[in-house]
Amino acid sequence: MSWGALLQPDLILEGTILRLTPEILEYYQIKGLVLDVDETLVPMKVSQASDELLHWVEEIRQVAQLWLVSNNISELRIGRIAQALNLPYILGASKPSRRKLRRAVSQMNLPIEQVAMVGDRLFTDVLAGNRLGMFTILVEPIVPTGEAIQSYPIHTLEVWLSQILGATIPAKKRHIK
């Protein structure tokens with residue numbers, strides 16, 4: 001598989017994870033979600049889930065199993081977020097490694113095609129999910145209130161590099177606004 005294909009998300013949401021709805025999951029026949037944490041669910045230095053995120057998790061939980069899989073190694077921070085959301089979690093995933101993603105999917109007991117990797121990064125979340133054969137969903141990062149996403153140049157760099165390597169942004173399947 002080419003680098004372009006490995007970095008190509010199946011779905012790009014214009015907005016944060018909070019724009020991912022049960023209807024979208026049903027449309028793509030997704031029954032499980034592996035969720036990145038940092039900047040996908042909460043800003044990098046935040047250790048509490050927002051009320052909006054709590055509501056979103058409760059809504060999505062009705063149609064899909066959820067697991068948190070984070071590269072972060074802070075048991076205190078990630079554990080606190082997972083506990084607030086009442087979700088199982090895995091730390092130190094070393095994405096784009098597939099090992100810990102595979103463990104989360106195995107715990108869901110679902111076919112890999114029915115599980116989506118959701119994250120804000122192409123070179124970790126999307127690459128890991130695609131390497132495992134998962135449906136991949138790229139979301140805009142959640143940043144601290146008052147900070148513009150432009151202050152996070154790594155995201156712009158990742159999109160630029162992935163396009164050089166052959167990924168076509170927007171996504172190959174559907175671009176949701």
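**Entry 1: Strand pairing**

Two strands count as paired if DSSP finds at least two bridges between them. I applied this rule to a predicted model, beginning with S2 and S3. I found that S2 and S3 pair in the parallel sense, over four bridges. To fix one bridge by name, I looked up Val34 and noted that its bridge partner in S3 is Trp67. I then followed the chain from S2 through H3 to S3 and recorded a right-handed β-α-β crossover.

Next I turned to the pairing of S3 with strand S4, which covers residues 89–90. These two strands are also parallel, with two bridges between them. Here Leu68 stands opposite Tyr89 in S4. The path from S3 through H4 to S4 is a β-α-β crossover as well, and I recorded it as right-handed.

Is S3 mostly covered or mostly open? I noted that four of its five residues are buried, so S3 is entered as mostly covered.

**Entry 2: The nonpolar cores**

I looked up the largest nonpolar core and found that it has 33 residues. Which of them touch the most other members? My list reads Leu20, Leu33, Leu35, Leu41, Trp56 and Ile137. I then asked which elements supply at least two residues of this core. Among the strands I wrote down S1 (11–13), S2 (32–35), S3 (65–69), S5 (115–119) and S6 (135–138). The helices on the list are H2 (22–27), H3 (51–61) and H4 (75–85).

I chose Leu41 for a separate check of its contacts. Leaving aside residues up to four places away in sequence, Leu41 touches Ile17, Leu35, Asp36, Leu53, Leu68, Leu85 and Ile142. I also recorded a second, separate core of 14 residues, which includes Ile90, Ala104, Leu132 and Met134.

**Entry 3: Asp125**

I located Asp125 in helix H6, which spans residues 122–132. Is Asp125 buried or exposed? Its relative accessible area is 1%, and the limit for buried is under 20%, so Asp125 is buried.

I then examined its polar partners. The side chain of Asp125 makes a polar contact with the side chain of Lys95 at 2.8 Å. The Asp125 side chain also reaches the backbone nitrogen of Arg121, at 3.1 Å. Not counting residues up to four places away in sequence, I listed Asp36, Thr40, Lys95, Met117, Gly119 and Asp120 as residues that Asp125 touches.

**Entry 4: Aromatic pairs**

How many aromatic pairs does the structure hold? I found two. In one of them, the rings of Tyr27 and Tyr28 have their centres 4.8 Å apart. Their planes stand at 85°, and because an angle over 60 degrees counts as edge-to-face, I entered the pair as edge-to-face.

I compared the accessibility of these two residues. Tyr27 has 55% relative accessibility and counts as exposed, whereas Tyr28 is buried at 16%.

The other pair joins Tyr28 to Phe135, with ring centres 4.9 Å apart and planes at 40°. I therefore entered this pair as tilted. Why does this pair tie together parts that are 107 residues apart in sequence? Tyr28 lies in the loop between H2 and S2, while Phe135 lies in strand S6. I noted that both Tyr28 and Phe135 are buried. Finally, I recorded Tyr27, Tyr28 and Phe135 as one aromatic cluster.

Technical notes. Residues are numbered from 1 along each chain as its sequence is written. This is a predicted model: local features need pLDDT of at least 70, side-chain atom pairs count only at pLDDT 80 or more; totals for chains, interfaces and linings use all residues. Side-chain values use heavy atoms; hydrogens and water are left out. A nonpolar core is a set of buried Ala, Val, Leu, Ile, Met, Phe, Trp, Tyr and Cys residues joined through side-chain atoms within 4.5 Å. Buried means under 20% relative accessible area, exposed over 50%, partly exposed in between (1.4 Å probe, protein chains only). Contact means heavy atoms within 4.5 Å. A crossover is right-handed if, with the strands pointing away from the viewer, the path from the first strand over the helix to the second runs clockwise. A polar contact is a pair of N or O atoms within 3.5 Å; within protein, one must be able to donate a hydrogen and the other to accept it, and residues adjacent in sequence count only if both atoms are side-chain atoms. Rings of Phe, Tyr and Trp (its six-membered ring) pair if their centres lie within 6.5 Å; planes under 30 degrees apart count as stacked, over 60 as edge-to-face and the rest as tilted.
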